[in-house]
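Subject: Structure for you to look at

Hello,

Here is the structure I promised you. Please open it next to this email and follow along.

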Amino acid sequence: SAKNVPQAPEDPLYGLVNAYLSDKSDKKIDLSVGVYRDDNAKPWVLPAVQKAEQLYQCDPDLDHEYLPIAGLPEFINAAQRLIVGADSPAIRESRICSFQTISGTGAVHLGGALLSRFLPLPTPAIYLSSPTWAIHDQIFNNVGLAIKEYPYFSSKTKMMDFDGMISVLGSAPPGSIILLHACAHNPTGVDPTHDQWGKIAKIIRANRLFPFFDCAYQGFASGSLAQDNFAIRYFIDHGFELAIAQSFSKNMGLYGQRVGAFHYIACPGSGAQEIVERVASQLAILQRSEISTPPLFGAKIASIVLNDKEICADWEKDLRTMSGRINTMRESLKQGLDQLQTPGQWGHITSQIGMFSFTGLSKSQVLSLREKWHVYMVETGRISMAGLNSGNVRYFAEAVDDVVRA
Ligand code: PLP
């Protein structure tokens, strides 16, 4: 009987959102959820996406039929070209298969479900960066993968703990899955350099590990779509077998439409196409049993943006608008803290990239910010930079200054 179902804890992030919503202060700031906000703290429908919506509404063949199990073909193909590069050997050699998913979360899940069933170890483990996106752990737990961690970030230096990462990857059992953030690491905002990616690839190859890239922020790290898939292209160009979870939530602002894709790429060589076909056949079974077929609307919109040259160019402009505003906020916050001579080092605010900043504020400082200043952020000290704007960044700097001095 359901009488025995225990009460589960509220999702910490959504608990925080509810607390923010019920706060009556006109000074309140939400820096918790990773969603883009414009300079008026409002959601921003990307102009490129608006154009695509208009085109979609005018389509005389518009209907609401089911999509194929793998998703909308013109979306899937364009998403594939975007993430691996149109000139990728994986596409040329038909070594890639792709499925439309319920956004990045669904792609991480589909990949996890596939790998947990078919990786050759009896109980394969997945190594997550410490820290990582809060939901990784839950998703991989759900599909029965053992969770392990590799060091990623040093709270002392506020930089990558590269040596720690390499040392743990070097001792991971062969066949283990290594979850890597393709760019704009969540929550730290710190990515490996190109040289470091080369070294990560080397240790993954030497130890016969399986790289699984989570790419939720393509276009947010450098502002350039082409540059932000560097790591993925590097691994493919070096002949790795790998998986990718791709999200269009942040870079197209399609959060609630749940648009994403999962990609599997086989190693080059004879038999690669057959492996890909077999993997695709298993993905189809998994997809069918979980969502039957993916949703239509968001994929149509993303497909128009990706396939219409003009709208795609507009989208790249929109991406620069978003990443540009976030960078301006990084500068303003750093300047504010410098002017207030806030104790501590704050250079990481401007050196970190992407949507988030790992401020280094302690849990008690985070709680003081919430109680005294109506500033809502997660307890790890991560802030979504997009929640700052020209109207509240000075207030936030003053709030930080106050709790740091307390
Ligand atoms: N992966 C990472 C690292 C993320 O930060 C997020 C969202 O915050 C996701 C995946 C999934 O996002 P969505 O399911 O909204 O596409």
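Start at the ligand. In this predicted model, 14 residues lie around the ligand, and S103, G104, T105, S247 and S249 come nearest. Find those five on your screen before you read on. Helix α5, residues 103-118, gives the most to this shell, with four residues. By type, the shell has nine polar residues, four nonpolar ones and one charged one.

How far does the predictor trust its own model? The mean pLDDT of the protein is 95. As many as 99% of the residues reach 70 or more. For the complex, the predictor gives an ipTM of 0.99 and a pTM of 0.96. Keep one rule in mind for any model of this kind: where pLDDT is low, the coordinates should not be read in detail.

Now the strands. Begin with β2, residues 96-102. Six of the seven residues in β2 are buried, so this strand is mostly covered. β2 is joined by seven bridges to β10, residues 259-265, and the two strands run antiparallel. To see the pairing, look for T101: it stands opposite G260 in β10.

β10 has another partner. Strand β9, residues 242-247, is joined to β10 by six bridges. β9 and β10 also run antiparallel. Here the pair to look for is I244 and H263, which stand opposite each other, with H263 in β10.

Is β10 itself enclosed or open? Seven of its seven residues are buried, so β10 is largely enclosed by the rest of the structure. Now check which way its residues point. In a regular strand, side chains alternate between the two faces of the sheet. In β10, V259, A261, H263 and I265 point one way. G260, F262 and Y264 point the other way. Both sets are buried.

Between β9 and β10 there is a loop, and Y255 is in it. Y255 has 18 C-beta neighbours inside 10 Å, which is why it counts as partly exposed. Setting aside its neighbours within four places in sequence, Y255 is in contact with V35 and S249. You met S249 already, among the residues that come nearest to the ligand. For a sense of distance, take Y255 and S289. They are 34 residues apart in sequence and 24 Å apart in space, C-alpha to C-alpha.

Next, zoom out to the domains. The protein is divided into two parts: domain 1 covers 11-45 + 317-400, and domain 2 covers 73-307. Their centres, taken over C-alpha atoms, are separated by 28 Å. Where they meet, 21 residues of domain 1 are in contact with 22 residues of domain 2. On the domain 1 side, α13 (309-339) and β11 (356-358) are the elements that give two or more residues. The largest share, four residues, comes from α13. That side of domain 1 divides into 10 nonpolar residues, nine polar and two charged.

Last, a few backbone details. Most residues other than glycine have a negative phi, and most peptide bonds are trans. Which places depart from that pattern here? Four are listed below.

- S130 and P131 are joined by a cis peptide bond, with omega about 5°. P131 is in the loop between β3 (125-130) and α6 (134-142).
- The peptide bond from N186 to P187 is cis too, with omega near 20°. P187 is in the loop between β7 (177-181) and α8 (194-206).
- R208 is not a glycine, yet its phi is positive, about 50°. Look for R208 in the loop between α8 and β8 (210-215). It has 11 other C-beta atoms within 10 Å, so R208 is exposed.
- H374 has a positive phi as well, near 60°, and is a residue other than glycine. H374 is in the loop between α15 (363-373) and β12 (375-376). With 18 other C-beta atoms within 10 Å, H374 is partly exposed.

Over to you now.

Best wishes

Terms used. Residues are numbered from 1 along each chain as its sequence is written. This is a predicted model: local features need pLDDT of at least 70, side-chain atom pairs count only at pLDDT 80 or more; totals for chains, interfaces and linings use all residues. A residue is near a molecule or strand if its C-beta atom, placed from the backbone, lies within 6 Å of it. Ala, Val, Leu, Ile, Met, Phe, Trp, Tyr, Cys and Pro count as nonpolar, Asp, Glu, Lys and Arg as charged, and the others, Gly among them, as polar. pLDDT is the predictor's confidence in each residue, from 0 to 100. A residue is buried if 20 or more other C-beta atoms lie within 10 Å of its own, exposed if 12 or fewer, and partly exposed in between; C-beta atoms are placed from the backbone. Two strands pair if DSSP finds at least two bridges between them. Domain bounds come from an automatic or database domain assignment. Two residues are in contact if their C-beta atoms, placed from the backbone, lie within 7 Å.
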